[in-house]
Every structure is written in C-alpha cells, then in structure tokens.
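Let's walk through this structure together, starting with the empty spaces inside and moving on to the way some of the helices pack. Keep the 3D view open as you read.

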Amino acid sequence: MDEPSSPATAPEFDATAMPPMDELLDALTSPLADWMPNQRWFAHMGAGTPEVSIRGWAPLRVAPDHVVVLVVVGARFAGTEPAEALYQVPLLIRPEDSPAADRRTTDQDEGSEVSVLETPAARVRVHDALRDVDGRAAVFALLASDEQAQGPGMSVLAHRTAPGSPLPLGPGLRSRILSGEQSNTSIIVEPEGTSPIILKLFRVLHDGENPDVVLQGALTAAGSTRVPRLIGSASLELGDLRTHSLFAQEFLPGVEDAWRTALRLAVAGEDFSAAARGLGEAVSEVHRDLAGALGTTMTDDALRAGMVEQMRSRAAMVAAEVPQVAAHRTALDALLDAALDVPWPPMQRIHGDLHLGQVLLVPDRGWVLLDFEGEPLRPLAQRSLSDSPLRDVAGMLRSLDYVGGAVALEQGADASSWVRTARAAFLEGCLGAADGMIVTAAAQADPRADTDVDTAGDALGVLLAAFEADKAVYEALYESRNRPDWLPIPLAALERISARNA
C-alpha cells in the first residue's frame, strides 16, 4: 500500500525561480524521446526514437516541494501514418535534495524518472507523475474539485457524474498504480471511509469522444448494474483537438475476471454452462440498455455493404502478411457474399472488444462488463460509430474458443467438449433473451433461425459466422506478430468456419 500524500517537511523551494514552464519543457524533449519508447503504454514499439515536441500543457499543482503539470507530447516517426501521435504525459518536478523525494523512492519503480535538470531554483528530478504518490493525488484532485486546469492554448475540464457527492481528499487518501495495463495508465484511489475508485488516464489521444467514457456514462445514467458506476471524467481541448483526458469509476476489488475463471474450470473439466448462459443474458441486457440510451439505426443495404467491405479489406490485408489466412480467402469471400443476402439486426453502440478478460463475476451483482474503448487497432472514429451487436457476441465466442486453445497449448489437454457446451450456453443466454436487441430483423425474417453459430443455412447463423471469422482474422494477425505459438487457435477457427460454410 502506498503512503498517503502529506505536506512535505523539506524547506520550500521557489517555483517562481525556475525557468518558464515552456522553457523547462522544451529542455525535456530529448529526454522524453529516449524515455517514452521504454514505457508499457507506448503504442509505437519498434518504430525507433521519435522526434518529440511539446504540443501543450496545463498545471495541476504547485506545492511547496513539487510541481505537477499535464503535458501533451507530439511524437513523430519517419514513414508512418499518422505522421504525428499525441501522448498524454503528466510530469512531476521536485528538487533533487528534497527529503520528500527520498521518502517516495519506494513508490517510483525503475524507469519512472524522465530526466534531471539544472535550474536556477534547484537541481530538479522529473518523473512520470502517475508513478509518484503526490503526482497521483494532483491528478485525482482535478477530478475531485470538478474544476478546470488551464495552460497556454490547452485546457482540461473535469465533469462529475454527481457533482454534489464529495470525493474526499487529504491525508487519508491512498493510491497505487495498477500493474499490467498496456495502452493506458490506471490508478487505484482509496479515499478514507469510502469505496475505492479506479482512475484511467488515456495515454494516446485521438480527436473525438472516448467510447469508454461515453458508453459507461450512458449505462450509469440508465441505472445499469452491468458496468462499474461512472464517477466522473475530464475533457481536454488543445487547438482543434477535443477529446477525453481521463475518467474515474467504482473499483471492484478482489474479483476474478472471467478468463481466469473459465480457464481454471476448463482445466478441471468443471461445467461452465450456467455461468456462460448468465453471461449471455448480461451481454443482451447491456445491448438493450445501450440501444435505449443512445439509439439504433436500421441496417440498410449501404450499411450492410460497408460492414462487409471492411471485413473483406481486413481479410486481404491480413492474408498478405499471414499466408495461412490466404488459404481461406475463397471460403471467406463466399461467406461474406452470403452475409449480404440476409437481413441484419439494427446497428447500435456496442462494447466493441468483448472477451472473457473484460468481464467480472461480482458477488450479489452478477456479470459486470469493463473497458468499452473498442478494438485497439481500429481508429477511434470507427470505434465511435454504431456497429452490429453480433460483433460482441462473436468476440465472446472467440474468447471461449481461446480457452480450449490455451488448455491444449499449456496443459496438453483436450477441452473441446467444454468449449462447445460453453459456447452453446452463452448463445442460449444471449440470443434467447425475449427483449434482446439481436433477435430482431434477422430472426424475425427467418423463423427457422436457431441459436447455433455452427449451424449453416439460417440468417443469424450466417451473420454470426461472418463476424466470428472476421474476429479470427484479426486474431491471426495479432498472434503472428506477438505470439506465434498461439497462431493455430485462430487458424483452427477459420478452418472450422470455412468447412461449415462449404
């Protein structure tokens, strides 16, 4: 557990004697260019050392022994698209000889230090603010105060879901960084006397609203218990950029995600069907609430053609890099042709990257879905559009299939029967809900439609097979680049889907 933030006992240093912040940050461009590629959240691994510029900043705190500033860093890479990526990097600046710096060294893991700078005021150390207890407190205070941080050409405005409900600050505040996250940085905040909170800061910034904030906010407003309650968010404006900087929601500690639960049960050969059926019902409920809160769009010929063309383009791109996928192009093209000839359910906002690692089974509450940012490799503009709820269903089907693949790879055991039972139960729960959003146009148009994704001939089965194949193609690209030993898992799915379609 981290130390609570408390006033420093060190002699005060004169922050006004430091160089202007613009000048100080300019001195950090070279150190940042060396430091950023070594961070877990850096999204351009292998692209080399970026050319870095400071695009904007806003002060979060000026304290007796430290300064915290939120910085937007532009990173350019030769020969890549887009030409410049924007990263959000909160920095903490503290005198090197401050006793507070020594007191917090246990809180700063290796690699948190960006640089040491000489200034007229003092020799200062610059750290990633989220890996320092005082830095985290400053970021949380922005949200708790429901106010604005203003810098030259940049502003960050906090929005509280329930402004009248106080978020306690002070010496009882404890926080820690959440390990294991890749693309963003999350901190657990534990205010004294209240439930813990998780605050997520988005590292890579894209113009537009972040789906994680929009969708969980809509579900919270609708009274859904299937997502953690949204507490607040902050929006960032910089030039023409309008986006979300961070958001906070309730934290559900001590709960195992569904991937670990399913994997453990599959290894033991224990039944998962009741839990899978309940998970399907929870997914259907979330789709229903999102449709009610944010609306739906009927899937006309143009929308259907656009979705299928995206699938074709992805298959062509991946096949060019993964030869094993190319072997299935003919079957996949035939399946997508079939998908154009059947009715589709309405489009709506969806989770977009649903798998077993994104859901928790919470005692006395049931299944809770997390992380509504959407598929990481999709541009934000695409992830913010309405999509087919069948994409979420297919994502979970693929995740259940991955359980069987993981058991085979890691345990040398056959869990195929477990997978079939779990998939059937999930579909029964998801597609069998009387008020679900999926059994609409497709099922109504074909009374023969059943709920088995592996059954050829019915409209819903064709669509589910198409979406599952699209997800397997995406997985094949990921595995070929990151875990070649796992590539047989999505390839086996493509083989199965191709054979069924034939």
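**Cavities and crossing helices**

In this predicted model, 15 residues line the largest cavity, and those nearest its centre are Ile350, Gly352, Gln382, Arg383 and Asp387. The space inside the largest cavity comes to about 110 Å³. What sort of residues make up the lining of the largest cavity? Seven are charged, four are polar and four are nonpolar. The largest cavity belongs to a set of four cavities of 30 Å³ or more, found by searching the whole structure.

Now turn to the second largest cavity, whose volume is about 70 Å³. Its lining consists of Met311, Ala315, Leu332, Leu335, Leu336, Ala466, Ala469, Asp470 and Val473. By class, eight of these lining residues are nonpolar, none is polar and one is charged. Which helices each supply at least two residues of this lining? They are α8 (301-321), α10 (329-340) and α15 (459-482). The largest share, four residues, is the contribution of α15.

From that lining, α15 leads us on to α12. The axes of α12 and α15 come within 8 Å and cross at roughly 60°, and the two helices are therefore oblique to each other. The crossing of α12 with α15 is right-handed. On the α12 side, the contact is formed by Leu390, Arg391, Val393, Ala394, Leu397, Arg398 and Tyr402. On the α15 side, the residues are Leu460, Leu463, Leu464, Phe467, Glu468, Asp470, Lys471, Ala472, Glu475 and Glu479. This contact of α12 with α15 brings together 10 nonpolar and seven charged residues, with no polar ones. Asp470 is worth picking out in your view: it is in the lining of the second largest cavity and also takes part in the contact with α12.

Stay with helix α12 (residues 390-411) and look for helix α16 (residues 488-501): their axes come within 9 Å and cross at roughly 125°. That angle makes α12 oblique to α16. The crossing of α12 and α16 is right-handed. Here Arg398, Asp401, Tyr402, Gly405, Ala406 and Leu409 of α12 meet Ile489, Pro490, Ala493 and Arg496 of α16. The residues of this contact comprise six nonpolar, one polar and three charged. Arg398 and Tyr402 of α12 may look familiar, as they appear in the contact with α15 and again in the contact with α16.

A further partner of α12 is helix α6 (residues 258-268), and the axes of α6 and α12 come within 10 Å and cross at roughly 55°. The pair α6 and α12 is therefore oblique. How is the crossing of α6 and α12 handed, left or right? It is right-handed. Trp259, Ala262, Leu263, Ala266 and Val267 of α6 meet Ser399, Tyr402, Val403, Ala406, Val407, Glu410 and Gln411 of α12. Nine residues of the contact of α6 with α12 are nonpolar, two are polar and one is charged.

To bring the tour together, follow Tyr402 along its contacts: this α12 residue takes part in the contact with α15, in the contact with α16 and in the contact with α6. Ala406 of α12 is found in the contact with α16 and in the contact with α6.

Technical notes: Residues are numbered from 1 along each chain as its sequence is written. This is a predicted model: local features need pLDDT of at least 70, side-chain atom pairs count only at pLDDT 80 or more; totals for chains, interfaces and linings use all residues. Side-chain values use heavy atoms; hydrogens and water are left out. Axes are lines fitted to C-alpha atoms, for helices over the stretch in contact, and angles run from 0 to 180 degrees between N-to-C directions. Angles under 35 degrees count as roughly parallel, over 145 as roughly antiparallel, 65 to 115 as roughly perpendicular and the rest as oblique. A crossing is left-handed if the near helix is turned anticlockwise from the far one by less than a right angle, and right-handed if clockwise. Contact means heavy atoms within 4.5 Å. Ala, Val, Leu, Ile, Met, Phe, Trp, Tyr, Cys and Pro count as nonpolar, Asp, Glu, Lys and Arg as charged, and the others, Gly among them, as polar. On a 1 Å grid over the protein atoms alone, a cavity is a set of points where a 1.4 Å probe fits but cannot get out, and a pocket is an open set with protein on both sides within 12 Å along at least five of seven lines; lining residues have an atom within 4 Å of a point. Grid points are joined across faces, edges and corners, and a volume is the space filled by probe spheres set on the points.
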